[in-house]
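Biologist: Got a minute to go through this one with me? I'd like to talk charges and cysteines.

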Amino acid sequence: MTTPQRTVALLLFPDVEVLDFAGPFEVFSLAATEASPSPFRVITVAATHGSLKAVGGLQVTPDCDLDDCPPPDILLIPGGQGSRQAMKDVKIMAWLSRQARDAEIVASICTGALLLGTLGLLDGLRATTHWTAMAELRATSSRIDVQPQARFVDNGKILTSAGISAGIDMSLYLVDRLCGRALVDRVVAEMQYDWRMKEAG
């Protein structure tokens, strides 16, 4: 039986960390081309159409905005300097809350965890984030079991990763979880990436 193609949506916002979204984008887009039928459709979404500046000044143009984005099966929330402002954006947070209810998987990279924590989505769960933002994550909710040493943490539906490059490891882990090691091996070989599965116990 063929597994239906999953839509992977990466949330973007001004001052998003480049590797936070580009790393997972690379993993899932490569996985989409390395298997047949393609298991993933990868898109980017932001509050509005039009380009935005990521950390370092990289101009990025999202595929869709919050109003025309198809429902994601896998929702990825990167971090970066702009994550603190995104936490205060009522439209982004309302959209994230709605999509998180129905998505199969919700995963944050780096300080993207602060958005999930603010929404209460990490209450009662283990979670991690960038090493400099552990106190900020704890401040979003006293009910989060913060894991400072974890590369990434899998709670089933909700995953969180540590900073920046850790999002690549978490994304490869998700491809492994959803599609199997053979596909991960092809992706890792194409990326020439030294991947070792690292997850909190």
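Biologist: Is Glu 136 buried or exposed?

Modeller: In this predicted model, Glu 136 counts as partly exposed, at 31% relative accessibility.

Biologist: And which side chain does Glu 136 meet in a salt bridge?

Modeller: That's Arg 84, with 2.7 Å from N to O. The two sit in distant parts of the chain, 52 residues apart: Glu 136 in helix α5 and Arg 84 in helix α2. Arg 84 is partly exposed too, with a relative accessible area of 28%.

Biologist: How many salt bridges are there in the whole structure?

Modeller: Seven turn up in the search. One of them joins Arg 151 and Asp 169, whose closest N and O atoms are 2.6 Å apart. Arg 151 lies in the loop between β9 and β10, while Asp 169 is in helix α6. Asp 169 is buried at 3%, whereas Arg 151 is partly exposed at 25%.

Biologist: What does Arg 177 pair with?

Modeller: Asp 154, at 3.0 Å from N to O. That pair links helix α6, which holds Arg 177, to strand β10, which holds Asp 154.

Biologist: Switching to cysteines: how many disulfides?

Modeller: Zero. Cys 64 has the sulfur of Cys 69 as its nearest cysteine sulfur, 3.8 Å away, and the cut-off for a disulfide is within 2.5 Å. Cys 64 itself is buried, at 5% relative accessible area.

Biologist: Why is Cys 179 without a bond?

Modeller: Because its sulfur is 20 Å from the closest cysteine sulfur, in Cys 69, which is too far. Cys 179 is partly exposed, at 31%.

Note on methods
Residues numbered from 1 in each chain as written. Predicted model: local features only at pLDDT ≥ 70, side-chain atom pairs only at ≥ 80, totals over all residues. Heavy atoms only, no water. Buried < 20%, exposed > 50% of the residue type's maximum accessible area, 1.4 Å probe, protein only. Salt bridge = Lys/Arg side-chain N within 4 Å of Asp/Glu carboxyl O. Helix = DSSP H or I, 4+ residues; strand = E, 2+ residues; numbered from the N terminus.
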